[in-house]
Amino acid sequence: MAVEKPHINLAVIGHIDHGKSTTVGRLLFETGTVPPHIIETYRKEAEAKGKGSFEFAWVMDSLKEERERGITIDIAHRRFDTDKYYFTVVDCPGHRDFVKNMITGASQADAALLVVAAPDGVMEQTKEHVFLARTLGINQLIVGINKMDAVNYDEKRFNEVKAELSQLLKIVGYKPDNVIFIPMSAFKGDNISKPSPNTPWYKGPTLLDALNMLSEPEKPTNLPLRLPIQDVYSISGIGTVPVGRVETGVMKKGMKVSFMPANKEGEVKSIEMHHEEIPEALPGDNVGFNVRGIGKGDIRRGDVCGPADAPPTVAEEFVAQVVVLHHPSALTVGYTPVFHCHTAQIACTFVELQKKLDPRTGQVKETNPTFLKTGDAAIVKIRPTRPMVIEKVKEIPQLGRFAVRDMGSTIAAGMCIDITPKQMR
């Protein structure tokens, strides 16, 4: 079996119409993921509809409605390969109504490509997406200053936009010196896979080179084992087989494990991945494992498996930093939406609104606000309505982030900064 290249989830973020979909389409084309004849078909179709510059964008926007409206709605997951990595692109919608989809996308990403149009520079959503990327723990960032063809490849304009962006990145906590800024045109193909003759003043890497310079996400094997349960099967002749993905740590055969909040203990008898038995499972592995001492009715989806001597934390209450993405009115104390954290979906109540933060800077704007509305960032205290496993984002980030949903849409996203643990007998 060929050894799989290291995998990176890449979120493509930025303001609407700054060229995110076109950039992704161009990447898929340049890496040979999408053959030229398909692009040609899209080009003819786009011209027929009077949208001549959209052919690359259409590679991603395969939804018909998006073509009619010319905007990205859903998150399209596409794979492309560079010589070093294989990437899954999480194309994140820039349109205001679709910020909720961006959360789901960005929260799975290892790195982000921020696309900013040279003629416009930093826009409102550019700020919002940068702040969200930071809140959701994306540490690696590449900036593509796009549509350079529209400003005649002017170095002065590139430097102005770069300075403006550096300022924004600094405020949010990124180090601009560690960020690569690339002058590019996704539509024309400048500096995507090879250096462009149109920007002789630019000496840095192309977009594909910059993607190869990202570092592989570390497998958090040094953290305690955390495996959120997706399903539990009962297999005749074997017994109870929970299934899930190892988020952190290592699961080994013979290990004594504890399931929380079910508060059950057992011993791992065997671990299986892709129908083959394996001696141990590492972060990222989707496995089924058989546990001695656990019945099918003892555990369920949303429980988390960890070592018996360092069991997953069950929260009585927790303090979190949240960003309100979309709420029709205002969110107040007593509000009880559903929190999605790892595989758990549990209704939780906002019991205290402690501080309202300025989403652009993270500074405290107001203490004990009476309500929060769309666009607000805040520190809040939350009480789950039934036992729930969550970890501090500083200790086990993989289990410290969550999305808040209500009325069929994502209301907020956040991370857990402190926990009052529940005493489990």
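Here are four short exercises, with worked solutions, on the predicted model shown above.

**Exercise 1: How far to trust the model**

Find which element of the protein chain has the lowest mean pLDDT and which has the highest.

*Solution.* Start with the whole chain: the average pLDDT is 82, and 82% of the residues score at least 70. Next, go through the elements. Helix α5 (residues 99–106) comes out lowest, with a mean of 43, while strand β15 (residues 304–307) comes out highest, at 97. Then look for stretches with pLDDT below 50. Residues 58–77 are one such stretch, with 71 contacts in the model beyond near neighbours in sequence. Residues 91–107 are also below 50, and this stretch has 64 such contacts. Take care with those contacts, because predicted coordinates should not be read in detail where pLDDT is low.

**Exercise 2: Two ring pairs**

Work out what kind of aromatic pair Phe158 and Tyr202 form, then do the job again for Phe259 and Phe289.

*Solution.* You need two values for each pair: the distance of the centres and the angle of the planes. A search of the whole structure turns up 10 aromatic pairs. For Phe158 and Tyr202, the centres are 6.4 Å apart and the planes make 70°. An angle over 60 degrees counts as edge-to-face, and that is the label for Phe158 and Tyr202. Now place them: Phe158 is in helix α7 (residues 155–172) and Tyr202 in the loop between β6 (180–183) and α8 (207–212), 44 residues apart. Both Phe158 and Tyr202 are buried.

On to Phe259 and Phe289. Their ring centres are 6.3 Å apart and their planes sit at 0°, so this pair is stacked. Phe259 belongs to strand β10 (residues 256–260) and Phe289 to strand β14 (residues 286–292), 30 residues apart in the chain. Both Phe259 and Phe289 are buried.

**Exercise 3: Thr349 and Tyr233**

Decide whether Thr349 is buried or exposed, and then explain why Tyr233 is called partly exposed.

*Solution.* First, find Thr349 in strand β18 (residues 344–357). Its relative accessible area is 17%, and the cut-off is under 20%, so Thr349 is buried. Leaving out residues up to four places away in sequence, Thr349 touches Gly334, Tyr335, Thr336, Lys381, Ile382, Arg383 and Thr385.

Tyr233 is in strand β7 (residues 227–235). Its value is 42%, between the cut-offs of 20% and 50%, so Tyr233 is partly exposed. Together with Ile235 and Ile238, Tyr233 makes a nonpolar surface patch of about 270 Å².

**Exercise 4: A ring cluster**

Name the residues that ring pairs link into a cluster.

*Solution.* Follow the ring pairs and you get Phe318, Tyr335, Phe339, Phe350 and Phe402. You've met Tyr335 already, as one of the residues that Thr349 touches.

Definitions and conventions. Residues are numbered from 1 along each chain as its sequence is written. This is a predicted model: local features need pLDDT of at least 70, side-chain atom pairs count only at pLDDT 80 or more; totals for chains, interfaces and linings use all residues. Side-chain values use heavy atoms; hydrogens and water are left out. Helices (H or I, at least four residues) and strands (E, at least two) are DSSP runs, numbered from the N terminus. Buried means under 20% relative accessible area, exposed over 50%, partly exposed in between (1.4 Å probe, protein chains only). Contact means heavy atoms within 4.5 Å. Patches are made of residues with over 30% relative accessible area and no salt bridge: like charges are joined within 9 Å, nonpolar side chains (Val, Leu, Ile, Met, Phe, Trp, Tyr) within 5 Å. Accessible areas come from the Shrake-Rupley method with a 1.4 Å probe; for residues, only the protein chains shown count as cover. A salt bridge is a side-chain nitrogen of Lys or Arg within 4 Å of a carboxyl oxygen of Asp or Glu. pLDDT is the predictor's confidence in each residue, from 0 to 100. Rings of Phe, Tyr and Trp (its six-membered ring) pair if their centres lie within 6.5 Å; planes under 30 degrees apart count as stacked, over 60 as edge-to-face and the rest as tilted.
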